[in-house]
Structure formats: structure tokens, C-alpha cells
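Please work through the exercises below with the sequence and the coordinates at hand. Each task is followed by a solution in steps.

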Amino acid sequence: MFNLIQWTIKQEDIESYAHASGDHNPIHTDAEYAKKAGLPGCIAHGMLVMALGSRAIDEWCAEPLTSYDARFQAMTYPDEPLAIKGSWIDEEAGKGSVTIENEAGEVKMKGFFTVKR
Amino acid sequence: MKEKTELYRYVYKIEEKEVNAFKQAVFASDSIQEIPPTFATVMDFQGGMSFYKLTELLQYDPACVLHGSQSYEYIKPVYPGDQIEAIVYITGKTMKKNMTFAKLETTYIKENETAIISRSVLIEQKGDRHV
């Protein structure tokens, strides 16, 4: 197991990500729009959650990625405390897994990666 | 629909200031010279494949779109200053109950060689819950 990383995405992080990435789907930045779409409020971009996963992998392994695969399993809300967990599947082959979940254990993203060996 | 069909292509010059802004937004280490692992999404959005353009091409309702999965294969390193040609393909579109699944594959070419391959599934979910 790699060391656990705790993280909370703030609404301003989501806005900063929308600006930097060019992903301006209003569901992420306009609470009224998000409510009209049937959500309790704005949600984080799945790709921001995936980027937190790659940041964690970089911290754990510090080797260049050769592949990174993520499945988005639940929506991530601003101010929701997250736990980023990871472990090797096959260390020799550079294969590992990364999971991002909330305090209740709801999995937001399940990912697999390989690093250069 | 199962065959691979080209949806869109664009050329994108990677600007250092955009890479730096993205690194800051995703809390990535500043010491790495290569673009961050998920930076290809910036190339798509800034290179002309905006969220609305994509939903229009897929004939999706923009208020009902869910990103199901995303994967990347990193073949050649990509750096700020590189010029990338991206070709976006739709590799499948299927419907199940109130959901439509579109599989996309994008090849990012640097100096005539494939540098990154992206595969994603975008879902249009009609019903009481939209993402």
C-alpha cells in the first residue's frame, strides 16, 4: 500500500480547473444550472479527480506513466473529504491501482496505471 | 454503430503558459518537464473540440452528459512547445435503457508519430438524474 493522501476539492478549485482546462460545462460552475439538471449543486470534473489520482501516483512512484485508466463511479462534490489510496498490483512490472473515495467509502474513481520499468 | 469513424481533427501548439496554468489547477509538481498526464483534455477543449461541439457531434443533450471512463496510453513524451495533430474517432455508440454510450478514441500525433492515445466513454443519461 502507498501512503494515504487526503484531499478536499473546493469550489474555487473547480473554477480554476474549468478555466485552465477549457471544460466550461456549467454543471461544474453554475449551481442553479446544476440544480436544474437534477443535482444538489455543482460537481467536480471527473478529469480533475483523475488528475488528483495522477498527482498521487507521481508522489508514490516518481516514474513516468505509460498508461493510466480511470472509471468514474460516483459524483464528487466540493468540500467532500476524499481519500486517495493506492497499491502495487505487480511492482516488478510497474502496475498499480489508485482509488479515490469519500469518508463513507463511496468510490468516486477507480484507476489502474503502469509506470516505466 | 461499431466501426471506427473520424469525428474531428485539429492541430494544437502546446503553450507553456497553458501547461503551467493547468499544473497549478491540478496541483501537479512543477519540476516535471513533460505535460501532465491528463493534459490531453486541454488540447481537446482548447483545440476546438469544446464540450458543446462534442455534445453536438454526438447529438447529446449537454445537460445529461456523464463521463464514464477515461484512459491514456503514453507512447512518446510530449513537452510544452510541441505541435500536436489530434484525430478524434468515434469507435462505437450503443443504447441501453435510458442511456446512450459513445466510445471515443483520440490519437495525438507528434512529428508524424503517435505520442498519446486516449480512449473514453461518454454517456448521455436521460431521466431523473443528469450529470
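The exercises concern a predicted model, and they go from the fold of one chain to the contacts between chains.

**Exercise 1. Describe the order of elements in chain A and assess the compactness of the chain.**

Solution.
- Step 1. Chain A contains 3 helices and 5 strands.
- Step 2. Read from the N terminus, these elements follow the order β-α-α-α-β-β-β-β.
- Step 3. The globule rule gives 13 Å for 117 residues, and the radius of gyration of chain A is 15 Å, close to that value; chain A is therefore as compact as a globular protein of that length.
- Step 4. The C-alpha trace of chain A spans about 50 × 30 × 20 Å along its principal axes.
- Step 5. Of the 117 residues in chain A, 38% are buried.
- Step 6. Taking contacts in chain A between residues at least 6 apart in sequence, 59% join residues at least 24 apart.

**Exercise 2. Determine whether the length of helix α3(A) agrees with its number of residues, and state how far α3(A) is enclosed.**

Solution.
- Step 1. Helix α3 of chain A covers residues 46-61, which is 16 residues.
- Step 2. At 1.5 Å a residue the expected span is 22 Å; the end C-alpha atoms of α3(A) are 23 Å apart, so the two values agree.
- Step 3. A residue is buried if 20 or more other C-beta atoms lie within 10 Å of its own. Because 13 of the 16 residues of α3(A) are buried, the helix is largely enclosed by the rest of the structure.
- Step 4. A:A62 follows α3(A) and has a positive phi, near 55 degrees.

**Exercise 3. Identify the residues that touch the most other members of the largest nonpolar core.**

Solution.
- Step 1. The largest nonpolar core has 60 residues, and A:L48 and B:M43 touch the most other members.
- Step 2. α3(A) supplies the largest share of this core, with 9 residues.
- Step 3. Apart from neighbours within four places in sequence, A:L48 is in contact with A:I9, A:I14, A:Y17 and B:V26.

**Exercise 4. Trace the strand pairing from β4(A) through β5(A) and β2(A) to β2(B).**

Solution.
- Step 1. β4(A), residues 95-102, runs antiparallel to β5(A), with 7 bridges between them; A:K95 has A:T114 as its bridge partner in β5(A).
- Step 2. These two strands form a hairpin with 4 residues between them, and A:G105 in the turn has a positive phi of about 90 degrees.
- Step 3. β5(A), residues 107-115, is also joined to β2(A) by 7 bridges, again antiparallel; here A:Y68 pairs with A:F113.
- Step 4. Across the interface, 5 bridges join β2(A) to β2(B), and these strands run antiparallel. A:R71 has B:S69 as its bridge partner in β2(B).

**Exercise 5. Characterise the side of chain B that touches chain A.**

Solution.
- Step 1. Contacts link 29 residues of chain B with 29 residues of chain A.
- Step 2. On chain B, α1 (16-25), α2 (40-46) and β2 (65-74) each supply at least two residues of this side, and β2(B) gives the most, with 8 residues.
- Step 3. By class, this side of chain B has 16 nonpolar, 10 polar and 3 charged residues.

**Exercise 6. Are B:K97 and B:N112, two residues with a positive phi, buried or exposed?**

Solution.
- Step 1. B:K97 lies in the loop between β3 and β4 of chain B, and its phi is near 50 degrees.
- Step 2. B:K97 counts as exposed because it has 8 C-beta neighbours inside 10 Å, and the cut-off for exposed is 12 or fewer.
- Step 3. B:N112 lies in the loop between β4 and β5 of chain B, with a phi of about 65 degrees.
- Step 4. With 6 other C-beta atoms within 10 Å, B:N112 is exposed.

Conventions
Residues are numbered from 1 along each chain as its sequence is written. Chains are lettered from A and ligands numbered from 1 in the order in which they are written. This is a predicted model: local features need pLDDT of at least 70, side-chain atom pairs count only at pLDDT 80 or more; totals for chains, interfaces and linings use all residues. Two residues are in contact if their C-beta atoms, placed from the backbone, lie within 7 Å. Ala, Val, Leu, Ile, Met, Phe, Trp, Tyr, Cys and Pro count as nonpolar, Asp, Glu, Lys and Arg as charged, and the others, Gly among them, as polar. Two strands pair if DSSP finds at least two bridges between them. The expected span of a helix is 1.5 Å times one less than its number of residues. The radius of gyration is taken over C-alpha atoms; the globule rule is 2.2 Å times the number of residues to the power 0.38. A nonpolar core is a set of buried Ala, Val, Leu, Ile, Met, Phe, Trp, Tyr and Cys residues joined through C-beta atoms within 7 Å.
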